[in-house]
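Visitor: I am new to protein structures and would love a close look at a single sheet. Please also show me a few other spots along the way, so that I can see how the sheet fits into the whole.

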Amino acid sequence: MDIELSTAASNARSESMYDTGRIPIEITPDGHRVAYLDVRELRYVAKDLRSGFTRPITPRLTTEEIVAITSVASSADSRHFAVSTSENRRTFVTDFETGRTRTLNQVCWAYGLTGDSLMGSAGCDGRDVSIDAIRFDGTATRFRSEEERPRDMSADLRWYIDLGEPTSVYETATGRRVRVLPSELSEFQWAGADTLVARDADIQDGDDYIAIDARTGELISIGIPYSDSIVFGKVR
């Protein structure tokens, strides 16, 4: 179905910017909630598409904070949201059910989160970053260092994809490689706790999506033509 978000912004421009900057929009893994910048309130809100209920998930943002938004993430259960900005290196974490918002200082990116912690970084430029597991009680544990920020962490933070040679799935807790992914696939994204979807460019009639079981390596053709505007997840 079509959902109209009449007050959502996806681009912003400031006097100090030469071109338009992208404002991230986040769709939760179950497909039922969406987080976006509300142009009337100048804050991020999350909307439950079933009930229509909308919850603010950040305080009102300054222009500098808006144009410096780096990431918007949601938890695997679609309950928690994290919005990060490089302005003052802050991340706002909100529980959608209770409305409680925490502010984490010196956290410039959020790559994923659970009910009590997130995977993030203090580095703002997305290069040469140290990745930390940051608990909401203020403690943190170093995860690993990266030349570039990780882009392919599962929603429950159990797995991540290394896009090196060969592209592989790793276990977050141990750093152990658990699956080598086929070289003909690209544009990976998580569609569930253990399922990946990827672009298959080797078929005869054009690009298509294929699903991969991260545990077994089984490949499943799903018959959906590739589009960079499709988001996959587990519908509840």
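Guide: Happily: we begin with the whole protein, go on to the sheet, and then visit some other spots.

A word on the ground rules: this is a predicted model, where local features need pLDDT of at least 70 and side-chain atom pairs count only at pLDDT 80 or more, while totals for chains, interfaces and linings use all residues. Residues are numbered from 1 along each chain as its sequence is written, and side-chain values use heavy atoms, leaving out hydrogens and water.

The protein has 1 helix and 22 strands; these are DSSP runs numbered from the N terminus, with helices (H or I) of at least four residues and strands (E) of at least two. Of its 236 residues, 42% are buried, where buried means under 20% relative accessible area, exposed means over 50%, and partly exposed lies in between, using a 1.4 Å probe and protein chains only. The accessible surface is about 12,600 Å², and carbon and sulfur atoms hold 44% of that surface; such areas come from the Shrake-Rupley method with a 1.4 Å probe, and for residues only the protein chains shown count as cover.

Now for your sheet. Four strands lie in the order β19-β20-β21-β22, forming an open sheet with antiparallel pairing. Its edge strands are β19 (185-190) and β22, each pairing on one side only. From one strand to the next, the twist averages 30°, an angle between N-to-C directions on a scale from 0 to 180 degrees, with axes fitted to C-alpha atoms. Strands pair through backbone hydrogen bonds, either parallel or antiparallel; here, two strands count as paired if DSSP finds at least two bridges between them. Strand β21 (residues 208-213) is joined to β22 by 4 bridges, and one place to look is I210, whose bridge partner in β22 is S221.

Stay with β22, which covers residues 219-225 and includes I224. Together with I220 and I222, I224 makes a nonpolar surface patch of about 200 Å². Patches take residues with over 30% relative accessible area and no salt bridge, joining like charges within 9 Å and nonpolar side chains (Val, Leu, Ile, Met, Phe, Trp, Tyr) within 5 Å. A salt bridge would be a side-chain nitrogen of Lys or Arg within 4 Å of a carboxyl oxygen of Asp or Glu. I224 counts as partly exposed because its relative accessibility is 31%.

For another view, visit β13 (residues 117-121), where 5 of 5 residues are buried. In a regular strand, side chains alternate between the two faces of the sheet. In β13, S117, M119 and S121 are buried on one side, and L118 and G120 are buried on the other. Its antiparallel partner is β12 (residues 109-113), with 4 bridges between them. L113 stands opposite L118, and a hairpin of 3 residues links the two strands.

A second open sheet has 3 strands in the order β16-β17-β18, again antiparallel. At its edges are β16 (159-162) and β18 (177-180), each paired on one side only. Here β17 (residues 168-171) meets β18 over 3 bridges, with S168 opposite V180.

Last, look at a loop. Most residues other than glycine have a negative phi. N88 has a positive phi of about 65° although it is not a glycine. N88 sits in the loop between β9 (80-85) and β10 (90-95), and N88 counts as exposed because its relative accessibility is 53%.
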